[in-house]
Amino acid sequence: MRKPWIVGMLLTGVLLGACSDPASGPEAAPPSLSAPESAATTHQRAAGSPGPSAKAPVVLYLGDSLAMEAQDVVGRELRRDLRAKYTGKPYSGTTVCDYLEGTGAKSLVPDRDKAAALVRTLRPDFVVLQFWGNAWGYTWCMDGITHAEQPTTYFKRYKADMTRLTAQITKAGGGHRPRIVWVAQGPDPITPDRVRRVNELYAEQAAASDDLVADAGAKVSAPGARYTWVQYLPCTAYEREHSAYCTQPGRDRTALHLDKDYLHFCLAPTTSTPKPCPVPSPGIARIAREITRVIGAHPAG
């Protein structure tokens, strides 16, 4: 009797992937991660980030609903720590193949926002790609291939799409080939081994093309339990200093997910209208910091 439950959860995931957009919250922006801190908890410049005379990187951020909800925080972190010129073009419900040129009407991403088209226009130093790894064939470009029904085919197709996207970005970059940053994902309580394998594919592709991996998923995982899903983690020093990011200070723990959403990190309910997360959300902040740290450790140019 487990199969109906699993199918139900997967269908719920489809809805979350399709409608993975935070509900409207306060109009005021969430507290900046660069707010003043005490001497004991001062947020240092990201390791390896450029000094005053170094070239500020141009960063393009693409991805699915996880990138949609995180895009504003990622932009703030990159601008503050690295003085980056930043553009975010995520689309909820997408996967790698949606950003491939040549998919036409079978894609959730319009031609103007395909990865290669944006690389030709923006000439970025880094292209950050964050995908949970659509497992249900929700997006048309997956041609109905699902992890549940065809796991071997799913991984083979996913790997092939990553290779094609890398090649298209490389060609579009020409003499200024941007470095790709694959964002490794956090745990999934339904298919933990699938996420592990997708992250392995990211690492393999990065190694094959001299690109990078930002293991943001490790920042939303329990120490020593990388692929065990958790809703709460102990507050960090920064989160203790800023109460909005330590959601249960009396228990010294902070929420990564809402009770009814195991996938997303925005602490506002999802709606059908795509938008960045409107409220302070510790999981998103942790992910954004790791992306920024990795880019800062590899200066542009």
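Me: Let me begin with the rule for ring pairs: rings of Phe, Tyr and Trp pair if their centres lie within 6.5 Å. This is a predicted model. Which residues do ring pairs link into a cluster here?

Reply: The cluster consists of Y154, F155, Y158, W182 and Y202. By the pairing rule, the count comes to 8 aromatic pairs.

Me: Why is the pair of W182 and Y202 called stacked?

Reply: The centres of W182 and Y202 are 5.3 Å apart, with 15° between the planes. A pair needs centres within 6.5 Å, and stacking needs planes under 30 degrees apart, so both conditions are met.

Me: What makes this pair a tie between parts of the chain?

Reply: W182 belongs to strand β5 (residues 179-183) and Y202 to helix α5 (residues 192-208), so the pair joins parts that are 20 residues apart in sequence.

Me: How do you know whether W182 and Y202 are buried or exposed?

Reply: Buried means under 20% relative accessible area. W182 has 0% relative accessibility, so W182 is buried. Y202 also comes out at 0%, so Y202 is buried too.

Me: What makes you say that the charged end of R253 sits over the ring of Y232?

Reply: The charge has to be within 6 Å of the ring centre and within 35 degrees of the ring normal. The charged end of R253 is 3.7 Å from the centre of the Y232 ring and sits over that ring. R289 does likewise with Y238, at 4.0 Å from the ring centre.

Me: Let's turn to helix α2. How do you know how its reach compares with the expected span?

Reply: Helix α2 (residues 65-82) has 18 residues, and its first and last C-alpha are 25 Å apart, close to the expected 26 Å. There is nevertheless a kink of about 55° in α2, centred on Q71.

Me: Why is α2 called largely enclosed?

Reply: Of the 18 residues of α2, 14 are buried, so the rest of the structure largely encloses this helix.

Me: What makes the approach of D64 to L66 a polar contact?

Reply: The cut-off for such a contact is 3.5 Å between N or O atoms. At the start of α2, a side-chain oxygen of D64 comes to within 3.0 Å of the backbone nitrogen of L66, so the distance passes.

Me: Where does Q185 lie, and how do you know whether it is buried or exposed?

Reply: Q185 is in the loop between β5 and α5. Its relative accessible area is 3%, and the limit for buried is under 20%, so Q185 counts as buried. The Q185 side chain reaches the backbone oxygen of V183 at 2.8 Å. Leaving out residues up to four places away in sequence, Q185 touches several residues, including L66, Q130, W132 and R226.

Me: What makes phi of D143 and D210 worth a look?

Reply: Most residues other than glycine have a negative phi. Phi of D143 is near 55°, a positive value, and phi of D210 is likewise near 55°. Just after α2, R83 has a positive phi of about 55°, and R123, just after α3, has one of about 50°.

Me: Why is D143 called partly exposed, and D210 exposed?

Reply: Exposed means over 50%, and partly exposed runs between 20% and 50%. D143, in the loop between β4 and α4, has 45% relative accessibility, so it is partly exposed. D210, in the loop between α5 and β6, has 54%, so it is exposed.

How values were computed: Residues are numbered from 1 along each chain as its sequence is written. This is a predicted model: local features need pLDDT of at least 70, side-chain atom pairs count only at pLDDT 80 or more; totals for chains, interfaces and linings use all residues. Side-chain values use heavy atoms; hydrogens and water are left out. Rings of Phe, Tyr and Trp (its six-membered ring) pair if their centres lie within 6.5 Å; planes under 30 degrees apart count as stacked, over 60 as edge-to-face and the rest as tilted. Helices (H or I, at least four residues) and strands (E, at least two) are DSSP runs, numbered from the N terminus. Buried means under 20% relative accessible area, exposed over 50%, partly exposed in between (1.4 Å probe, protein chains only). The expected span of a helix is 1.5 Å times one less than its number of residues. The bend at a residue is the angle between axes fitted to the seven residues ending there and the seven starting there. A polar contact is a pair of N or O atoms within 3.5 Å; within protein, one must be able to donate a hydrogen and the other to accept it, and residues adjacent in sequence count only if both atoms are side-chain atoms. Contact means heavy atoms within 4.5 Å.
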